[in-house]
Amino acid sequence: MALSLYNKKRNFKQTTEPAGKVKKSASQLSFVVQRHKASRLHYDFRLELDGALKSWAVPKGPSLNPQDKRLAMMVEDHPYDYKDFAGIIPAGNYGAGIVEIWDEGTYNDIENSERKIAEKNLRAGLKSGDLKFQLFGKKLKGEFALIKLKNNEDNSWLLIKHNDKYATHDEYNSEAYTKINSPINKWLEENKKPVKKKSSSKRP
Ligand code: MN
(Lines give C-alpha, C1' and ligand atoms only; values in the text may rest on other atoms or scores of the structure.)
Protein backbone atom coordinates (compact mmCIF):
# COMPACT_ATOMS: atom_id res chain seq x y z
CA MET A 1 0.00 0.00 0.00
CA ALA A 2 2.59 2.50 1.12
CA LEU A 3 4.88 1.57 -1.74
CA SER A 4 2.31 1.36 -4.52
CA LEU A 5 3.09 4.84 -5.81
CA TYR A 6 6.81 4.04 -5.81
CA ASN A 7 6.19 0.86 -7.80
CA LYS A 8 3.78 2.56 -10.17
CA LYS A 9 6.33 5.18 -11.16
CA ARG A 10 9.00 2.66 -12.12
CA ASN A 11 9.61 0.03 -14.77
CA PHE A 12 11.72 -2.64 -13.09
CA LYS A 13 12.57 -4.21 -16.43
CA GLN A 14 14.58 -1.07 -17.14
CA THR A 15 15.80 0.42 -13.89
CA THR A 16 18.04 -1.40 -11.42
CA GLU A 17 16.33 0.33 -8.49
CA PRO A 18 14.87 -2.21 -6.04
CA ALA A 19 11.21 -3.18 -6.36
CA GLY A 20 9.05 -1.96 -3.52
CA LYS A 21 8.79 -4.51 -0.74
CA VAL A 22 8.08 -3.77 2.92
CA LYS A 23 11.12 -4.74 4.97
CA LYS A 24 12.65 -3.65 8.26
CA SER A 25 16.13 -3.33 9.63
CA ALA A 26 17.09 -5.94 12.19
CA SER A 27 18.05 -3.71 15.08
CA GLN A 28 18.65 0.01 14.57
CA LEU A 29 16.55 2.25 12.36
CA SER A 30 18.40 3.29 9.20
CA PHE A 31 18.73 6.56 7.35
CA VAL A 32 20.36 7.46 4.07
CA VAL A 33 21.05 10.63 2.13
CA GLN A 34 21.44 10.09 -1.59
CA ARG A 35 22.81 12.66 -3.99
CA HIS A 36 20.84 12.46 -7.20
CA LYS A 37 21.56 14.06 -10.52
CA ALA A 38 18.26 13.94 -12.34
CA SER A 39 16.92 16.86 -14.35
CA ARG A 40 18.34 18.82 -11.42
CA LEU A 41 20.97 17.93 -8.86
CA HIS A 42 19.36 17.39 -5.46
CA TYR A 43 19.61 15.31 -2.33
CA ASP A 44 17.16 12.67 -1.15
CA PHE A 45 16.81 12.37 2.60
CA ARG A 46 15.29 9.07 3.78
CA LEU A 47 14.34 7.76 7.21
CA GLU A 48 13.26 4.17 7.84
CA LEU A 49 9.85 3.84 9.44
CA ASP A 50 7.39 0.95 9.41
CA GLY A 51 9.25 -1.07 6.82
CA ALA A 52 9.75 1.72 4.28
CA LEU A 53 11.83 4.86 3.83
CA LYS A 54 10.02 8.13 4.46
CA SER A 55 11.50 10.38 1.80
CA TRP A 56 12.14 14.07 1.17
CA ALA A 57 13.85 15.73 -1.77
CA VAL A 58 16.18 18.42 -0.44
CA PRO A 59 17.27 20.72 -3.29
CA LYS A 60 20.19 22.34 -1.44
CA GLY A 61 21.16 19.29 0.60
CA PRO A 62 21.32 18.99 4.39
CA SER A 63 23.26 21.39 6.58
CA LEU A 64 24.97 21.16 9.95
CA ASN A 65 24.38 24.87 10.54
CA PRO A 66 21.28 25.43 12.72
CA GLN A 67 20.61 28.74 10.98
CA ASP A 68 19.93 26.98 7.68
CA LYS A 69 16.38 25.92 7.04
CA ARG A 70 16.63 23.58 4.11
CA LEU A 71 13.51 23.08 2.04
CA ALA A 72 12.53 19.39 1.97
CA MET A 73 9.73 18.26 -0.32
CA MET A 74 8.12 15.08 0.94
CA VAL A 75 7.82 12.48 -1.80
CA GLU A 76 6.49 8.93 -2.00
CA ASP A 77 7.77 6.26 0.39
CA HIS A 78 10.71 4.29 -0.97
CA PRO A 79 11.42 0.63 -0.15
CA TYR A 80 13.84 -0.14 2.64
CA ASP A 81 16.30 -1.68 0.18
CA TYR A 82 16.59 1.67 -1.57
CA LYS A 83 19.03 2.74 1.15
CA ASP A 84 21.71 0.75 -0.67
CA PHE A 85 20.89 1.98 -4.14
CA ALA A 86 23.51 3.84 -6.10
CA GLY A 87 23.91 3.85 -9.85
CA ILE A 88 22.34 4.90 -13.08
CA ILE A 89 18.62 5.27 -13.67
CA PRO A 90 18.32 4.87 -17.45
CA ALA A 91 17.04 7.67 -19.65
CA GLY A 92 13.29 7.72 -20.09
CA ASN A 93 12.69 6.35 -16.59
CA TYR A 94 11.39 8.19 -13.55
CA GLY A 95 14.26 10.12 -11.93
CA ALA A 96 16.59 9.28 -14.82
CA GLY A 97 20.17 10.19 -14.03
CA ILE A 98 22.72 9.09 -11.42
CA VAL A 99 22.38 8.36 -7.72
CA GLU A 100 25.18 8.10 -5.19
CA ILE A 101 25.12 7.66 -1.43
CA TRP A 102 26.18 10.87 0.31
CA ASP A 103 25.67 9.75 3.91
CA GLU A 104 24.20 6.78 5.73
CA GLY A 105 23.88 5.34 9.19
CA THR A 106 21.34 4.77 11.90
CA TYR A 107 18.92 7.19 13.48
CA ASN A 108 16.67 7.30 16.47
CA ASP A 109 14.04 9.17 18.38
CA ILE A 110 15.54 11.81 20.67
CA GLU A 111 13.43 10.95 23.71
CA ASN A 112 13.50 7.17 23.71
CA SER A 113 15.79 4.77 21.89
CA GLU A 114 13.74 1.65 22.60
CA ARG A 115 12.65 0.58 19.13
CA LYS A 116 8.91 0.24 19.69
CA ILE A 117 8.54 3.47 21.62
CA ALA A 118 10.92 5.27 19.27
CA GLU A 119 8.86 4.27 16.24
CA LYS A 120 5.68 5.33 17.97
CA ASN A 121 7.17 8.76 18.74
CA LEU A 122 8.54 9.14 15.22
CA ARG A 123 5.20 8.16 13.70
CA ALA A 124 3.47 10.78 15.86
CA GLY A 125 6.05 13.41 14.90
CA LEU A 126 5.58 12.65 11.23
CA LYS A 127 1.82 12.92 11.55
CA SER A 128 1.92 16.22 13.42
CA GLY A 129 4.49 17.71 11.04
CA ASP A 130 7.09 18.12 13.77
CA LEU A 131 9.54 15.26 13.51
CA LYS A 132 12.58 15.32 15.78
CA PHE A 133 15.31 12.71 15.57
CA GLN A 134 19.01 12.11 16.01
CA LEU A 135 21.29 10.88 13.27
CA PHE A 136 24.33 8.68 13.62
CA GLY A 137 25.85 9.13 10.19
CA LYS A 138 29.34 9.74 8.93
CA LYS A 139 28.62 13.35 8.01
CA LEU A 140 25.30 14.06 9.69
CA LYS A 141 25.35 13.63 13.45
CA GLY A 142 23.25 14.82 16.34
CA GLU A 143 19.75 16.21 16.55
CA PHE A 144 17.66 17.41 13.64
CA ALA A 145 14.05 18.34 13.00
CA LEU A 146 11.79 18.15 9.99
CA ILE A 147 9.04 20.74 10.33
CA LYS A 148 6.08 20.75 7.98
CA LEU A 149 5.11 24.13 6.62
CA LYS A 150 1.55 24.94 7.58
CA ASN A 151 -1.18 25.76 5.06
CA ASN A 152 0.81 24.23 2.35
CA GLU A 153 -0.47 21.74 -0.18
CA ASP A 154 2.72 20.61 -1.81
CA ASN A 155 4.20 18.81 1.19
CA SER A 156 6.97 21.27 1.93
CA TRP A 157 8.96 20.71 5.09
CA LEU A 158 12.08 22.33 6.51
CA LEU A 159 15.10 20.29 7.56
CA ILE A 160 16.84 22.02 10.46
CA LYS A 161 19.88 21.09 12.53
CA HIS A 162 19.50 21.52 16.27
CA ASN A 163 22.16 23.41 18.12
CA ASP A 164 24.29 20.70 19.71
CA LYS A 165 27.94 19.70 19.79
CA TYR A 166 27.76 18.50 16.18
CA ALA A 167 26.41 21.79 14.86
CA THR A 168 28.60 24.22 12.97
CA HIS A 169 28.18 27.96 12.76
CA ASP A 170 30.22 28.26 9.62
CA GLU A 171 28.68 28.25 6.19
CA TYR A 172 27.78 24.67 5.28
CA ASN A 173 27.63 23.49 1.70
CA SER A 174 26.89 19.77 1.30
CA GLU A 175 28.47 19.87 -2.17
CA ALA A 176 31.83 20.43 -0.49
CA TYR A 177 31.49 17.03 1.20
CA THR A 178 30.93 14.85 -1.83
CA LYS A 179 33.21 11.87 -2.06
CA ILE A 180 36.43 11.89 -3.99
CA ASN A 181 35.83 10.06 -7.30
CA SER A 182 32.13 10.87 -7.11
CA PRO A 183 30.53 9.38 -10.24
CA ILE A 184 28.16 12.35 -10.34
CA ASN A 185 30.98 14.86 -10.27
CA LYS A 186 32.66 12.91 -13.05
CA TRP A 187 29.44 12.96 -15.05
CA LEU A 188 28.98 16.68 -14.44
CA GLU A 189 32.54 17.33 -15.52
CA GLU A 190 32.10 15.30 -18.72
CA ASN A 191 28.77 16.87 -19.57
CA LYS A 192 29.65 20.47 -18.93
CA LYS A 193 27.93 22.67 -21.41
CA PRO A 194 30.58 24.14 -23.63
CA VAL A 195 31.00 27.83 -22.98
CA LYS A 196 29.56 29.65 -25.93
CA LYS A 197 32.11 31.72 -27.69
CA LYS A 198 31.08 35.26 -28.25
CA SER A 199 30.49 35.72 -31.90
CA SER A 200 33.36 37.87 -32.91
CA SER A 201 32.32 40.23 -35.58
CA LYS A 202 34.90 39.65 -38.19
CA ARG A 203 35.58 42.54 -40.38
CA PRO A 204 35.98 41.86 -44.02
MN1 MN B 1 15.72 12.07 -6.18
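Is Asp-50 buried, exposed or partly exposed? At 33% relative accessibility, Asp-50 falls in the partly exposed class, where buried means under 20% relative accessible area, exposed over 50%, and partly exposed in between (1.4 Å probe, protein chains only). The structure is a predicted model, in which local features need pLDDT of at least 70 and side-chain atom pairs count only at pLDDT 80 or more, while totals for chains, interfaces and linings use all residues. Residues are numbered from 1 along each chain as its sequence is written, and side-chain values use heavy atoms, with hydrogens and water left out.

The overall architecture comes next. The protein chain holds three helices and nine strands, taken as DSSP runs numbered from the N terminus (helices H or I, at least four residues; strands E, at least two). Read from the N terminus, the order of elements is α-β-β-β-β-β-β-α-β-β-β-α. The C-alpha trace spans about 80 × 45 × 35 Å along its principal axes. Of the 204 residues in the chain, 45% are buried. Among contacts (heavy atoms within 4.5 Å) with a separation of 6 or more, 61% join residues 24 or more positions apart. About 12200 Å² of the protein chain is exposed, and carbon and sulfur atoms supply 52% of that area, as computed by the Shrake-Rupley method with a 1.4 Å probe.

A manganese ion is bound by His-36 through ND1, His-42 through NE2 and Asp-44 through OD, at 2.1 to 2.3 Å. Donors here are N, O and S atoms within 2.8 Å of the metal (3.2 Å for Na, K and Ca), and because water is not among the atoms, sites may look incomplete. The donor residues follow the spacing H-x5-H-x1-D in sequence. Both histidines are buried: His-36 has a relative accessible area of 8%, and His-42 has one of 16%.

The interior can be followed through its nonpolar cores, each a set of buried Ala, Val, Leu, Ile, Met, Phe, Trp, Tyr and Cys residues joined through side-chain atoms within 4.5 Å. The largest core has 25 residues, of which Phe-45, Leu-47, Trp-56, Phe-133 and Leu-146 touch the most other members. Strand β2 (residues 41–49) gives this core its largest share, four residues. Leaving aside residues up to four places away in sequence, Phe-45 touches partners including Val-32, Val-33, Trp-56, Phe-133, Leu-146 and Leu-159. A second, separate core comprises seven residues, among them Tyr-80, Tyr-82, Ile-89 and Val-99.

Ile-89 deserves a closer look. This residue sits in strand β5 (residues 87–89) and is buried, with a relative accessible area of 2%. Beyond residues up to four places away in sequence, the partners of Ile-89 include Thr-15, Glu-17, Tyr-82 and Val-99, along with the metal ligand His-36. Glu-17 is 72 residues from Ile-89 along the chain, yet their C-alpha atoms are separated by 7.5 Å.

Finally, the backbone offers two points to check on screen. Most residues other than glycine have a negative phi. Asp-50, in the loop between β2 and β3 (52–58), has a positive phi of about 55 degrees although it is not a glycine. Asn-181 likewise has a positive phi, near 65 degrees, and is found in the loop between β9 (156–161) and α3 (183–190). Asn-181 is exposed, with a relative accessible area of 70%, whereas Asp-50 counts as partly exposed.
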